[in-house]
Amino acid sequence: MEITIRADSVEISGYVNAIERNSKPLKSRFGYFIERICKGAFFSALKRNDDVHILLNHEWSRDLGSTKTNLELEEDSIGLHARATITDPEVIEKAKEGKLVGWSFGFYDVPEGVEERTEDETPLRLVKDLDLREVSILDDNHSPAYEGTLIQSRDDKALYMSQPFVTGMHIRDLSPEKPEDKKEIDYSKFEKMIREMKGEN
């Protein structure tokens, strides 16, 4: 994740997820499984949906924009790459305080888009196609208990939220420094007073 902080915005870029790479064991209500996003899955999802949103911590109440406004998403040979310019004051402050820790994403399965296998006695989900709904910036308050958890949406379709994905962190603060409202204190008169009290003058 690369973060560039400006006066009134923060630019965040990096990989949301790597393709053809096994996740760590994830937990659902059915038990543990491993997930692998296959090459082309994000490409197909972005071709179908041109309005993927960017959220803070998977919270729709913290909608920070979308691919129609301030978010760029692209699948390349590594995975799903994101770049966003965020003007939300809370996110800017979290960036300045080093509290942004990684990316995640939320998606629905599509018919015949997942192949189920077993790898080393652990269920493996090969996601060949998906319905990408959002990518999320995660802060340090994100609870690990919800990583990779299978939850139910209102329409009873399964929404998967991936584990956080971090390849490294690079932060540049280009915002102007705030002027310090401090007056220089002249200690010379006190030093002279002390010398006189000691009889040194």
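## Strands 1 and 2

Glutamate 2 has serine 13 in strand 2 as its bridge partner. That match sits in a predicted model, where strand 1 (residues 2-5) runs antiparallel to strand 2 (residues 10-18), with 4 bridges between them.

## The open sheet and its helices

Zoom out and you get an open sheet of 5 strands, ordered 7-8-2-1-15, with mixed pairing. Strand 7 (71-75) and strand 15 (170-173) are the edge strands, each pairing on one side only. From one strand to the next, the twist averages 10 degrees.

Two helices pack on this sheet. Helix 1 touches strand 2, strand 7 and strand 8 (79-86), and its direction makes about 135 degrees with that of strand 7. Helix 2 (residues 89-96) touches strand 1, strand 2, strand 8 and strand 15; its direction makes about 80 degrees with that of strand 2.

## A phenylalanine cluster

Now for the rings: there are 2 aromatic pairs here. Phenylalanine 42 meets phenylalanine 105 edge-to-face, at 5.3 Å centre to centre and 75 degrees between the planes. This pair links distant parts of the chain, with phenylalanine 42 in helix 1 (residues 41-48) and phenylalanine 105 in strand 9 (residues 100-109), 63 residues apart.

Phenylalanine 105 also pairs with phenylalanine 107: their ring centres are 5.4 Å apart and their planes at 25 degrees, so this pair is stacked. Together, Phe42, Phe105 and Phe107 make up one aromatic cluster. As for exposure, phenylalanine 42 comes out buried at 0% relative accessible area; phenylalanine 105 is buried at 0%, and phenylalanine 107 counts as buried at 0% too.

Definitions and conventions
Residues numbered from 1 in each chain as written. Predicted model: local features only at pLDDT ≥ 70, side-chain atom pairs only at ≥ 80, totals over all residues. Heavy atoms only, no water. Phe/Tyr/Trp six-rings, centres within 6.5 Å; stacked < 30°, edge-to-face > 60°. Buried < 20%, exposed > 50% of the residue type's maximum accessible area, 1.4 Å probe, protein only. Pairing = 2+ DSSP bridges. Axes fitted to C-alpha atoms, helices over the stretch in contact; angles between N-to-C directions. Contact = heavy atoms within 4.5 Å.
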